[in-house]
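Colleague: I am new to this structure and would love a close look at one part of it. Could you walk me through how one chain meets its neighbours?

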Number of protein chains: 4
Amino acid sequence: MSTKVKVAVVGASGYSGRELLRLLLLHPQAEIVAVTSRAHAGKPLVAEFPRWRGVANADSLTFVAPDIAALKAAGTQTAFLALPHGLAHEFAAPLLNAGIQVIDLSADFRLRNAALYEAFYGHPHPAPELLSQAVYALPELNGESIAGAQLLACPGCYPTSMLVPLVPLLRADLLENSPISVASMSGVSGAGRKESVPFLFCECNESVRSYGVPKHRHLSEVGQELDRAAGRHVRISFVPHLVPVNQGICTTIFAALREGITAGDVEKTLRGTYAGRPFVRLLGTNQCPDTKNVTGTNFIDVGWSFDERAGQLILMSAEDNLIKGASGQAVQNFNLAHGFPETTGLVLG
Amino acid sequence: MSTKVKVAVVGASGYSGRELLRLLLLHPQAEIVAVTSRAHAGKPLVAEFPRWRGVANADSLTFVAPDIAALKAAGTQTAFLALPHGLAHEFAAPLLNAGIQVIDLSADFRLRNAALYEAFYGHPHPAPELLSQAVYALPELNGESIAGAQLLACPGCYPTSMLVPLVPLLRADLLENSPISVASMSGVSGAGRKESVPFLFCECNESVRSYGVPKHRHLSEVGQELDRAAGRHVRISFVPHLVPVNQGICTTIFAALREGITAGDVEKTLRGTYAGRPFVRLLGTNQCPDTKNVTGTNFIDVGWSFDERAGQLILMSAEDNLIKGASGQAVQNFNLAHGFPETTGLVLG
Amino acid sequence: MSTKVKVAVVGASGYSGRELLRLLLLHPQAEIVAVTSRAHAGKPLVAEFPRWRGVANADSLTFVAPDIAALKAAGTQTAFLALPHGLAHEFAAPLLNAGIQVIDLSADFRLRNAALYEAFYGHPHPAPELLSQAVYALPELNGESIAGAQLLACPGCYPTSMLVPLVPLLRADLLENSPISVASMSGVSGAGRKESVPFLFCECNESVRSYGVPKHRHLSEVGQELDRAAGRHVRISFVPHLVPVNQGICTTIFAALREGITAGDVEKTLRGTYAGRPFVRLLGTNQCPDTKNVTGTNFIDVGWSFDERAGQLILMSAEDNLIKGASGQAVQNFNLAHGFPETTGLVLG
Amino acid sequence: MSTKVKVAVVGASGYSGRELLRLLLLHPQAEIVAVTSRAHAGKPLVAEFPRWRGVANADSLTFVAPDIAALKAAGTQTAFLALPHGLAHEFAAPLLNAGIQVIDLSADFRLRNAALYEAFYGHPHPAPELLSQAVYALPELNGESIAGAQLLACPGCYPTSMLVPLVPLLRADLLENSPISVASMSGVSGAGRKESVPFLFCECNESVRSYGVPKHRHLSEVGQELDRAAGRHVRISFVPHLVPVNQGICTTIFAALREGITAGDVEKTLRGTYAGRPFVRLLGTNQCPDTKNVTGTNFIDVGWSFDERAGQLILMSAEDNLIKGASGQAVQNFNLAHGFPETTGLVLG
């Protein structure tokens, strides 16, 4: 009965891919049948990622070129796509047509609206017909649509860090209709594993910098989900910063509470929403999250504070951008979609 | 003719003291006649700071216990106080009475109002009679009061990073009367050089965390100066974050522009205010500052961006918390107070 | 049948303790019945280590004062001692007398010879009568003596990194009788989790430094084990270095091969010794280990190279000082002593 | 009278170039008349290196393509070549023919012997006729040949860290004729400023690794200089390591003293050699250097220890690989070659 699900990782040579491999190698309900990489086809997995030498069956895996027929021949039941943005659509349609479930870690299927995609990504969406069947798969907020879904779009790393604290408050109509301000700090793995001078060690070490103002691409999906939660248009400013850590996102949000709403209402709403959810840890009032408590895990820690002097609510979250912000969330979705306990393969110390 | 000013550094064993020593050792118009440290009295300076071995006359300096009579006997003309908060008042009055100029790097004399001090620091101000004669010495904004002042209170590191971008806009009445939101990221030297588990390497490395919400002490002086600039009460929320770099503060500010005010007005006001000021580098629209371009220097870099979607102005600054945020600014004030060129001893590559 | 072993962690507030807790919380054959800390008694475990919130039953654990009676009352079967050097003996004798197995992570029981202890630690050994019954528990080299042992002394972090590459070569008599030279680089967690200026973030970051020359304490156990392996006195120089990473030791060893011995003999001996050992990964000739491939795991990676120009063998190893160099090795010993599979609870990605 | 020397920096876009620019911008006897970069020709210097904005006349400089005629037209008197290895020879001959002094930071002219070059660099030397006129310019050891030289080959970063401690001892014949073992740890800037996955932040951070065994290219010049100093062939093994700091090399050397030679002889020889040399700081017996005391400066710190147990001498040095190991040494050579005081433009706190 414990037949494992046959899974493939398409685009396995980046940082999200690397972490996804870790999770799937040790997942008791998954069997990796294929790992693809155009650049590394023919190379043993552990030659590129020596860290996984001797871990489960990693030594027996070899990168293959991404090829639909080969993925089918290998018996793939679920394909995780850990490709750069803009490439997932090439694989999604044929995989779905072949009856293979797609769990996409890229931004390609996160938006409901092809025009919004074009406005932020600068080119028409390559497969708009798939958008309506994709599920924006943030398990703690959209869990009901995940079970049984065939095309799951995993949220971005920054969006996860904002949506977990904000969506419950907007659904409960606790926030005023004034701009929300968000500052996030991300580790450098968020920039990907590609040759690039700005992400060399000496360019990032001993450096703290903002970037991507004023219109980071992740604002598109954040806006979509905030509007959906609020039932109105929500204005939000977002400034990401690069800080010299490998993994981790720390997000700090400033928002105004509606007249009459108290800090107690905020706490009650958050606690109500996340009661029993194993991966959201609510730290309490005036408690500040620290990325070092979540790196390598699927946890997201959330704290809050009411600034009486300015009359503003402060929300703070910390997650691992590669785990809860990418691969861990993908595996959490995999668990939910297949009816496995949510924490399967995700109990990471 | 080129008689140097005899200076003393009181409380020279912390990080601000260390940087102040660097600047004064190489300053062509200053002669260090005493360095004090209760903990290290009797110890050669270079035994505690081996980095300064062989630099100017560092090898000839020995820490002495802080003692007013000794400072007078050494001929001190200007005393820099680099003490922890709450200790400067012990030295300030007797030094001033002895005709010695005091340049204080602590928070003790930054506030005009003793009640405000008590509200933020939790105890009555120990020398309220001195507050009225102290100058809040941010040279680019309050330069006119610095020449000839006897008691100079150097602004805090976080405040400098906020006031430089914000004060000109408030003076010019460009900002709406709604809360301003500020997220700052500071290097760990901001926590000082004292035994403490939370600031051990392994507690800070690979960690990003907010702290001190919602009422960081620096809000007191920031509020005082913003209110003074605006001529009204300015509401501001501030969340500081600790990031794993030695030196550097990166500050990001969200504010609403008054109806009809454009991004062009912002740029014009900033350029007008800082034209000819050697240490404020205005980077331009949508240009993001990076702490690695200012560490070790007295520069503060400022960028800005108008977020049309949310209707908010984003201001961004970067400085070295120990230099422009502390020791460098103190030396800049020293230069201005004595009529030396502003950049004397501060041209650091 | 799967009754878990009741374990206690004595001295659980340091870095080795923290990692030991991680491993034991998730260990399928261990049940933590007590965690002690003099400083934190009465405090919930997760208040000191918020990282473990929500991990297994961590939320239900509270630090207690170290007390033999309480450990007995809790039903402790195995006590892990993660105390600073010099304190373990206070606990070892009474625990052993109470029939409780002791797995000690400190240096207190590593030496066979009380005089050697005194020569390196500067004071007489406090419990010399226990030395003869303690096992120097490096599983891959002394595995036969571990099963069923009651007092296990886990090797130090630096010694593990040297002994794994060197002992097989000395046992096989491949090395010349000339001094062996060793340079090791350790992450800062090796210095422990105690208030101390030299290990503040700003003192260690952007710093590389040697220390402890010429007679680091770990040389005592290294010498003991090398002499035992060689059957003669082995001369060795060792220089440790502190490098700005949290966890990890990288060790590089220079040694002369005996006349007629080839690099092939070295490889054959290492491969023969470690065949089938799950935690020693032999990388091959001219392959250099990298600590980032072993951090967080119980692996030790070993590479080697023959420098023909100088006629010297170069051996290189990498391990996590807190895992294979401390807590992981302790759990590995626990597994072996109890007859569990060696990798139980140690398959860490 | 104080006519400055007109200098050009050829290949100014790497890390050594960046530091060289810092030093020359602020050098009172140098005037930068050209900075070249094939990749950045036409771009303002400060667009690539925003750190230098507002520093001296940096804002007025623009990268030009490397072109001999243009360098001549600009009136260049001294050309600093900060090119990757293997490119300097293209420029050296025509520049020398045009009467322009060449100070080369690459390895191209460090070896006396073209065959040795080929053995280590894998291809014939491109301009062997120039080797005999080049000076191996380590000022503290070969100072006499630097004054007036036209082609100066600045030593490599690793070689400087080994030669400063070792050469005096070999010249004084204090060391036994047995292999010398050297472990060095370098910051990542040593790998250059080029697109490359292995030097991305996330590949180097939290990583310590050896590399380049057993025959690093720098061994060629080290061997040449050690043999020259000893008057015999010196065997040496060298293992470089990469550690996560931006700048700094820490080198630890193990060597055997000749029968009858004492640690006192070592100290006396080192002190005799470096008396009055401003950039060599001798720390004393059992004193360990720390890179954080030399980064950003032209100092090299040297400590030593005699390991009686193993009968070996331990030598330890720390320098900034980009300053004393490259650009600072180049400027020091410039000063000496032109008769300026050795420390001109190099007094860096």
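Modeller: Happy to! Let us start where chain B meets chain D: the area buried between chain B and chain D is about 1800 Å², with carbon and sulfur atoms giving 47% of that. Buried area here is the accessible area (1.4 Å probe) that two parts lose on being put together, summed over both. On the chain B side, strand β12 (residues 280-285) gives the most to the surface that touches chain D, with three residues; helices (H or I, at least four residues) and strands (E, at least two) are DSSP runs, numbered from the N terminus.

Before going on, a word on the ground rules. This is a predicted model, in which local features need pLDDT of at least 70 and side-chain atom pairs count only at pLDDT 80 or more, while totals for chains, interfaces and linings use all residues. Residues are numbered from 1 along each chain as its sequence is written, chains are lettered from A and ligands numbered from 1 in the order in which they are written, and side-chain values use heavy atoms, with hydrogens and water left out.

Back to chain D: 22 residues from chain B and 21 residues from chain D take part in the contact (heavy atoms within 4.5 Å). Between chain B and chain D there are 14 residue pairs in polar contact, both at pLDDT 80 or more. A polar contact is a pair of N or O atoms within 3.5 Å; within protein, one must be able to donate a hydrogen and the other to accept it, and residues adjacent in sequence count only if both atoms are side-chain atoms. Zero salt bridges (a side-chain nitrogen of Lys or Arg within 4 Å of a carboxyl oxygen of Asp or Glu) are found across the interface of chain B and chain D.

Now turn to chain A. Here 48 residues of chain B are in contact with 47 residues of chain A, and the area buried between them is about 3900 Å², of which carbon and sulfur atoms give 58%. In chain B, Glu206(B), Val208(B) and Arg309(B) lose the most area to chain A, together 18% of what that side buries. Two salt bridges are found across the interface of chain B and chain A; one of them joins the side chains of Arg209(A) and Asp290(B) (3.7 Å, N to O). Chain B and chain A also share 16 residue pairs in polar contact, both at pLDDT 80 or more.
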